[in-house]
Amino acid sequence: LNPPSGPDERLLAELREVLGRDAAPPSSVVEAAKESYTWRTVDAELAELTHDSLVDQTAVRTRGAPDRRALTFEARDLIIEVEVSVSGQERRLLGQLVPAQPARIEIRQAGATRRIEADAAGRFMVPGLEARPVSLRCRLAGRDPVSTEWVLI
Amino acid sequence: MATSTGVGELVRAAATGDRQAWDELVDRYSGLLWSIAMAYRLGRTDAADVVQTVWLKLLENLEKLRDPDRVGAWLATTARRECQRALVRTRRELPTDDAWRLEPRDAAIPTPEAVAVASERHRLLRMAFAQLPEQCQRLLRILMVASPPYEAVAAALDMPIGSIGPTRARCLERLRRRLSASGISADVGDS
């Protein structure tokens, strides 16, 4: 870092001293970011988060109770609807694939992967997730896997 | 401070499996991302989750970035959006869980020397800072960390890049006036 020169720089430097505890990320945060590189996938199509009831406030609530959060992920010809319900620090996902079809789904979160199945109607349920970033990777018949955008649940 | 030199190269290398390039990106930008989360007043747990989410989003977009040289601005924009999302999430879903984090996080544990020499001055500075408009606090929290490029600062705060310099000057001037009003030297740093 450059030594503070002008009065503005000196004032900022003293602020940094006073608010210092917040100034640098904990090393655990930096390490986790580096570790996340192992999640890199090259074969999957990305399903973008196109609706999040948390931030897309519409005049009329379309579905769900206030403690339910609705997420929509869209890939080329697949929509993944997910409802997140909250119980303390635990999150539960209820999902629906559109068009309805069975799938194997990997739930990727915090360094661990769980595998579940969506039934013939395209429905799936995942209890006991952490309140942390999550991504679903869906393996469907006859096409490349589809991964949802990462989202903090 | 990190210039944009070579950043595009790092992005392209990371996109083709170069783990060291990824680590280098993380080292360069984690400070900026953390300061943005702090500027939006997230608790430390939420801040950690937001920063991790931003990196994961970059990971899935490495090959798709339109302008890899401007990855700093992309990260800052993504961080701002994720901070705003996290704030709503915390308000709605974790009203009690995060309550302890609303304690003054700025009250860093001081060393004994610091107490003797500067505690009163720092207390006044902290108070003066807390009285600044929200926009000033956010801007200064980001600027105080590692003088990040203004393009990234503008992206983090959704401000025009040309207004960062003037706003910085205005906010510091306000801070000085508040310090003077509380009876300590306006020219902080001379003590």
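**Exercise 1. Locate A:Pro99 in chain A and characterise the peptide bond that precedes this residue.**

Step 1. Begin with the place: A:Pro99 sits in the loop between β4 (90–98) and β5 (103–109) of chain A. Keep in mind as you work that this is a predicted model.

Step 2. Now turn to the bond. A:Val98 and A:Pro99 are joined by a cis peptide bond, with omega about -5°.

**Exercise 2. Find where B:Arg41 lies and say what its phi is.**

Step 1. Look in the loop between α2 and α3 (44–61) of chain B; B:Arg41 is there.

Step 2. Read off the backbone angle. Phi of B:Arg41 is near 65°, which is a positive value in a residue other than glycine.

**Exercise 3. Describe how α1 and α2 of chain B pack: are they parallel, perpendicular or oblique?**

Step 1. Take the axes of helix α1 (residues 7–15) and helix α2 (residues 19–39) of chain B: they come within 8 Å and cross at roughly 135°.

Step 2. Classify the angle. Roughly perpendicular ends at 115 degrees and roughly antiparallel starts over 145, so α1(B) and α2(B) are oblique to each other.

Step 3. Add the hand, which is left-handed for this crossing.

Step 4. List the residues that touch. From α1(B) come B:Val7, B:Leu10, B:Val11, B:Ala13 and B:Ala14, while α2(B) supplies B:Ala21, B:Trp22, B:Glu24, B:Leu25, B:Arg28 and B:Tyr29.

Step 5. Sort the contact of α1(B) with α2(B) by class: nine residues are nonpolar, none is polar and two are charged.

**Exercise 4. Work out what α2(A) and α2(B) share across the two chains.**

Step 1. Get the geometry first. Helix α2 (residues 27–35) of chain A and α2(B) have axes that come within 9 Å and cross at roughly 140°. The crossing of α2(A) with α2(B) is right-handed.

Step 2. Pick out the partners. On α2(A) they are A:Val29, A:Val30, A:Ala33, A:Lys34 and A:Glu35; on α2(B) they are B:Arg19, B:Trp22, B:Asp23, B:Val26, B:Asp27, B:Ser30 and B:Trp34.

Step 3. Classify them: the contact of α2(A) with α2(B) holds six nonpolar, one polar and five charged residues.

Step 4. Look for a charged pair. Side chains of opposite charge can pair when their charged atoms come close. Here B:Asp27 and A:Lys34 form a salt bridge at 2.9 Å, N to O. This pair crosses between chains, linking helix α2 of chain B to helix α2 of chain A.

**Exercise 5. Determine the relative orientation of α1(A) and α8(B) and the make-up of their contact.**

Step 1. Helix α1 (residues 7–18) of chain A packs against helix α8 (residues 164–181) of chain B at an angle of about 70°, the axes being 11 Å apart.

Step 2. Since 65 to 115 degrees counts as roughly perpendicular, α1(A) and α8(B) are therefore roughly perpendicular to each other.

Step 3. A:Pro7, A:Asp8, A:Glu9, A:Leu11, A:Leu12 and A:Leu15 of α1(A) face B:Arg168, B:Ala169, B:Leu172, B:Leu175, B:Arg176 and B:Leu179 of α8(B) in this contact.

Step 4. By class, the contact of α1(A) with α8(B) has eight nonpolar, no polar and four charged residues.

**Exercise 6. Summarise the interface between chain B and chain A.**

Step 1. Count the residues: 62 of chain B are in contact with 53 of chain A.

Step 2. Give the area. Chain B and chain A bury about 5,400 Å² between them, with 58% of it on carbon and sulfur atoms.

Step 3. Count the salt bridges: there are ten between chain B and chain A, and 27 over all chains. One salt bridge joins the side chains of A:Glu149 and B:Lys57, at 2.4 Å, N to O.

Methods:
Residues are numbered from 1 along each chain as its sequence is written. Chains are lettered from A and ligands numbered from 1 in the order in which they are written. This is a predicted model: local features need pLDDT of at least 70, side-chain atom pairs count only at pLDDT 80 or more; totals for chains, interfaces and linings use all residues. Side-chain values use heavy atoms; hydrogens and water are left out. Axes are lines fitted to C-alpha atoms, for helices over the stretch in contact, and angles run from 0 to 180 degrees between N-to-C directions. Helices (H or I, at least four residues) and strands (E, at least two) are DSSP runs, numbered from the N terminus. Angles under 35 degrees count as roughly parallel, over 145 as roughly antiparallel, 65 to 115 as roughly perpendicular and the rest as oblique. A crossing is left-handed if the near helix is turned anticlockwise from the far one by less than a right angle, and right-handed if clockwise. Contact means heavy atoms within 4.5 Å. Ala, Val, Leu, Ile, Met, Phe, Trp, Tyr, Cys and Pro count as nonpolar, Asp, Glu, Lys and Arg as charged, and the others, Gly among them, as polar. Buried area is the accessible area (1.4 Å probe) that two parts lose on being put together, summed over both. A salt bridge is a side-chain nitrogen of Lys or Arg within 4 Å of a carboxyl oxygen of Asp or Glu.
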